[in-house]
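The exercises that follow ask you to read a structure step by step, and each one comes with a worked solution. Try each task on the sequence and the model before you read on.

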Amino acid sequence: MTTLESYWLETAPRFAGGAADPLPARADCVVIGGGFTGLAAARALAMAGANVVLLEAGQIACEASGRNGGQCNNGLAGDLGALAARLGMERASALYRAFDEAVDRVEAIVAEEGIACDFVRNGKLKLADKPEHGAKLARAAEVLAREVEPDLRLLSRAELASEIGSDAFYGGIVFPRSASLHMGRFAAGLAAAAARHGARLFEQAGVTALDRLGGRYRITCARGVIEADQLLLATGASMRGPFGWLRRRIVPIGSFIIATAPLGREAAARAMPGRRNCTTTRNVGNFFRLTADDRLIFGGRARFALSSPSSDLKSGEILRAGLERVFPALRDTPIDYTWGGIVDMTMDRLPRAGERNGLYFAAGFSGHGTQMSVLMGERMARVMGGDASANPLAGLDWPAIPGHVGPPWFLPIVGAYYRYQDWRH
Ligand SMILES: Cc1cc2nc3c(=O)[nH]c(=O)nc-3n(C[C@H](O)[C@H](O)[C@H](O)COP(=O)(O)OP(=O)(O)OC[C@H]3O[C@@H](n4cnc5c(N)ncnc54)[C@H](O)[C@@H]3O)c2cc1C
């Protein structure tokens, strides 16, 4: 019987430092959202001496930050060459390097705060799903190696044998700077660190209204009303609360994951001798890695639907078939956990952060945010402290998505389009 909950949340201690006392009447800074963006920002703001309150609608890390694939990869979500064609190579490379720095920041916080979360630089392996994707990867590797990733390794189909015990792929690229960690333990540790530095974290405090009072904000949430000089929205793919401006720019997309029972050291070494974070080249592709206790975490977009218990179960069946296609030897392995989450996707898969009418925000991490959300939380804390140059995403335009004003009715069409593209190319 599979448990319908995130492996990370089920196997980490729950953050126990949530404030039980009544909401204070005012704070210097209010952060809305208790995922990695909000937690990293709250920690940094408190360390800089601000009086900080964080408001989380559910429990700490109950959304994407506690429900992801556990990969802390460097590199952009999209193609560097395509981004350079749009923004110029200098800006595109700077954005790429921000993701490198983001992984460094996660590693540094883990060390500074002594968070036991199995952080390891195990590297990412991008795998070609089709023979023609192998050639595409080789072209991409040339640009990456020249501009930003001198240590990458391009692997032929034959060379993959030392990395992965599967015949399903046609070559790959190893990105050695990528890392992995236990996301639930990192989230609990980051929240505890923010609280230790003086931030007050309120759970079950969903925000329902924001009002501007001169230069200040009045924030209404399930725990009461609070006024703040500064406000940071760190609400990810939120479909609740007064954040219509962000919602018109972000598409919430379901992403789903299964975790097997522990495979045992030998079977794990046969399946994934390189122990890398794997991602595949299809648009509707997969991501997978081993955990410290040798489970295989296997995820993908599976269905273009939002997450719910029945949706997660149906997606779990599709993922199980995908896992068996990649690793036929694992056919009889039990699936211990099945879950889903919502990705905050932007049209170009680049996150956005900035300030609008005195309101700060960082969102749109597009399934590539376990590291960047941490960096951007910290950087937005600096921006709120007066250092506008700290925002590496400054100046990226962010128009509203035409026709996107409510629930994402167009997801099945987008899904059909991508499946057609995967079939053609
Ligand atoms: C299934 C899945 C797999 C993924 N895999 C990877 C991966 O392997 N590698 C990677 O880099 N990235 C991955 N991601 C993306 C990554 O997890 C996110 O980019 C990152 O966690 C974003 O953090 P966040 O703090 O911005 O958002 P979230 O973690 O979503 O936090 C936002 C918080 O805001 C709260 N909130 C929302 N509305 C309100 C309100 N009105 N009032 C108060 N609080 C509110 C929510 O409850 C939530 O806790 C994945 C995401 C999903 C869903």
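**Exercise 1: a histidine in a loop**

Leaving aside neighbours within four places in sequence, His368 is in contact with Asn73, Asn74, Gly75, Leu76, Ala77 and Phe99. The model in which these contacts are found is a predicted one. Task: find which loop holds His368, and decide whether His368 is buried or exposed.

Solution. Begin with the position along the chain: His368 belongs to the loop that runs between strand 18 (359-363) and helix 10 (372-384). Next, take its relative accessible area, which is 12%; buried means under 20%, so His368 counts as buried. Finally, consider Ser366, which is found in the loop between strand 18 and helix 10. Ser366 is buried as well, with a relative accessible area of 1%, and it has a positive phi of about 55 degrees although it is not a glycine.

**Exercise 2: a second positive phi**

Task: Asp118 has a positive phi of about 55 degrees without being a glycine; locate its loop and classify its accessibility.

Solution. The loop in question lies between helix 4 and strand 4 (124-127). The relative accessibility of Asp118 is 37%, and since partly exposed is the class between the 20% limit for buried and the 50% limit for exposed, Asp118 counts as partly exposed.

**Exercise 3: the surroundings of the ligand**

Task: among the 40 residues around the ligand, determine which come nearest, and then describe how the shell is made up.

Solution. The nearest residues are Thr37, Glu56, Ser65, Gln71 and Ser238. For Thr37, a polar side-chain atom lies 2.7 Å from an oxygen atom of the ligand. For Glu56, the distance from an N or O atom of the side chain to a ligand oxygen is 2.6 Å, and for Ser65 a side-chain N or O atom is likewise 2.6 Å from an oxygen atom of the ligand. Of the 1000 Å² of accessible area that the ligand has on its own, the protein covers 97%. Two or more residues of the shell come from each of helix 2 (36-47), strand 12 (251-260) and strand 16 (335-345), with strand 16 giving the largest share, three residues. By type, the shell divides into 14 nonpolar, 22 polar and four charged residues.

**Exercise 4: two buried residues of one loop**

Task: compare the settings of Leu160 and Gly171.

Solution. Leu160 sits in the loop between strand 5 (153-155) and strand 6 (172-175), and Gly171 is found in the loop between strand 5 and strand 6. Leu160 is buried at 2% relative accessibility, and Gly171 is buried at 4%. Beyond four places in sequence, the contacts of Leu160 include Leu125, Leu127, Phe169 and Gly171, while those of Gly171 include Lys126, Leu127, Ala128 and Leu160.

**Exercise 5: the nonpolar cores**

Task: identify which members of the largest nonpolar core touch the most other members.

Solution. In this core of 76 residues, they are Phe186, Leu201 and Met372. Helix 4 (residues 89-113) provides the largest share of the core, 10 residues. Not counting residues up to four places away in sequence, Met372 touches Ala98, Phe99, Ala102, Pro351, Phe365 and Leu393. Another core, of 26 residues, lies apart from the largest one, and Leu127, Leu263, Leu296 and Leu330 are among its members. In soluble globular proteins, nonpolar side chains tend to be buried together.

Terms used:
Residues numbered from 1 in each chain as written. Predicted model: local features only at pLDDT ≥ 70, side-chain atom pairs only at ≥ 80, totals over all residues. Heavy atoms only, no water. Near = heavy atom within 4 Å. Polar contact = N/O pair within 3.5 Å; in protein donor to acceptor, adjacent residues only side chain to side chain. Areas by Shrake-Rupley, 256 points an atom, 1.4 Å probe, with all protein chains shown as cover. Helix = DSSP H or I, 4+ residues; strand = E, 2+ residues; numbered from the N terminus. Nonpolar A, V, L, I, M, F, W, Y, C, P; charged D, E, K, R; others polar. Buried < 20%, exposed > 50% of the residue type's maximum accessible area, 1.4 Å probe, protein only. Contact = heavy atoms within 4.5 Å. Core = buried A, V, L, I, M, F, W, Y, C linked by side-chain atoms within 4.5 Å.
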